[in-house]
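Colleague: I am new to reading models like this one. Please show me how each label is earned.

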Amino acid sequence: EHSRIVTKKRRLSRLLRDYTKAVGPHRYSLPIVSGILLALAFYPFYFWPLAFAALAPLFHFAAQMGRRRRELFFGGFLCGLIGVAPPVYSSLFQMRLLQGDELFSYLVRASALPMLALVACAFGALALSFALLRSRSWLFNSLIGAALYGALESGFMRLLGGYYLPSLSYA
């Protein structure tokens, strides 16, 4: 049983290493894939099984040695921006304009942009924190990744009064 798990782990590690070598010039492809998986797991798509693996590419990106802090932050920022933009667009930007109150409607739509930037920055901080806290143990890294994302969601739940639509708990 244990040898099968170790073999599967080695296979997955080899697959990710080969992928990393193949997309070397496209250094932000893993955070982009992670953001796309998150977007598909959230509203309006609700393909919730992707929620189980959506952050794995981001954490693999953050665990790679030799990345600068700016790269880590920007990778997480891209993941958050791509992952959270569809729910924001679906909920606010599809809103009908109020007759005679076009300015108010545009202001409501524009108010989502700073929040979207805040969420993207939080994902950047998540990737940077994971890179700083990672270890050689895959189990510890998994737990750290889950704890960091849980803290991120908990913070947004408190900040937004309990309603954070792009949350894996809603997916």
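Modeller: The protein exposes about 10,600 Å², and carbon and sulfur atoms supply 66% of it. Such areas come from the Shrake-Rupley method with a 1.4 Å probe, and for residues only the protein chains shown count as cover. This is a predicted model, where local features need pLDDT of at least 70, side-chain atom pairs count only at pLDDT 80 or more, and totals for chains, interfaces and linings use all residues. Residues are numbered from 1 along each chain as its sequence is written, and side-chain values use heavy atoms, with hydrogens and water left out.

Colleague: How many helices and strands are there in the protein?

Modeller: There are seven helices and zero strands. From the N terminus on, the order is α-α-α-α-α-α-α. Helices (H or I, at least four residues) and strands (E, at least two) are DSSP runs, numbered from the N terminus.

Colleague: Why is L58 called buried or exposed?

Modeller: Buried means under 20% relative accessible area, exposed means over 50%, and partly exposed is in between (1.4 Å probe, protein chains only). L58 has 0% relative accessibility, so L58 counts as buried. This residue is found in helix α3. Across the protein, buried residues make up 34% of the 171 residues.

Colleague: What does L58 touch?

Modeller: Contact means heavy atoms within 4.5 Å. Leaving out residues up to four places away in sequence, L58 touches L30, P31, S34, G75, G76, C79, F123, L126 and A127. Take G75: L58 and G75 are 17 residues apart in sequence, and 7.6 Å apart in space, C-alpha to C-alpha. For the protein, residues 24 or more positions apart account for 63% of the contacts with a separation of 6 or more.

Colleague: What makes a nonpolar core?

Modeller: A nonpolar core is a set of buried Ala, Val, Leu, Ile, Met, Phe, Trp, Tyr and Cys residues joined through side-chain atoms within 4.5 Å. The largest one has 29 residues, of which L38, L55, L58, F123, L126, Y149 and L152 touch the most other members. Helices α2, α3 (56-63), α4 (69-93), α6 (112-133) and α7 (138-159) each supply at least two residues of this core. Helix α6 gives the most, with nine residues.

Colleague: Why is the pair of F74 and F77 called stacked or tilted?

Modeller: Rings of Phe, Tyr and Trp (its six-membered ring) pair if their centres lie within 6.5 Å; planes under 30 degrees apart count as stacked, over 60 as edge-to-face and the rest as tilted. By this rule the count comes to seven aromatic pairs. The rings of F74 and F77 have centres 6.4 Å apart and planes at 15°, so this pair is stacked. F74 and F77 are three residues apart in helix α4, so about one helical turn separates them. F74, at 36% relative accessibility, counts as partly exposed.

Colleague: And why is the pair of F123 and Y149 stacked or tilted?

Modeller: The ring centres of F123 and Y149 are 6.0 Å apart and the planes are at 55°, so the pair is tilted. F123 lies in helix α6 and Y149 in helix α7, so the pair ties together parts that are 26 residues apart in sequence. F123 and Y149 are buried.

Colleague: What makes R27 and E71 a salt bridge?

Modeller: A salt bridge is a side-chain nitrogen of Lys or Arg within 4 Å of a carboxyl oxygen of Asp or Glu. The closest N and O atoms of R27 and E71 are 2.6 Å apart, and the pair forms a salt bridge. R27 is in the loop between α1 (2-22) and α2, while E71 is in helix α4, 44 residues apart. R27 has a relative accessible area of 37%, so R27 is partly exposed. E71 is at 9%, so E71 counts as buried.

Colleague: How many salt bridges does this rule give?

Modeller: The count comes to two. R68 and E71 also meet in a salt bridge, at 4.0 Å, N to O. R27, R68 and E71 are thus linked in a network of salt bridges.

Colleague: What is the phi of Y46, and where is Y46 found?

Modeller: Y46 has a positive phi of about 55° although it is not a glycine. Most residues other than glycine have a negative phi. Y46 is found in the loop between α2 and α3. Its relative accessible area is 41%, so Y46 is partly exposed.
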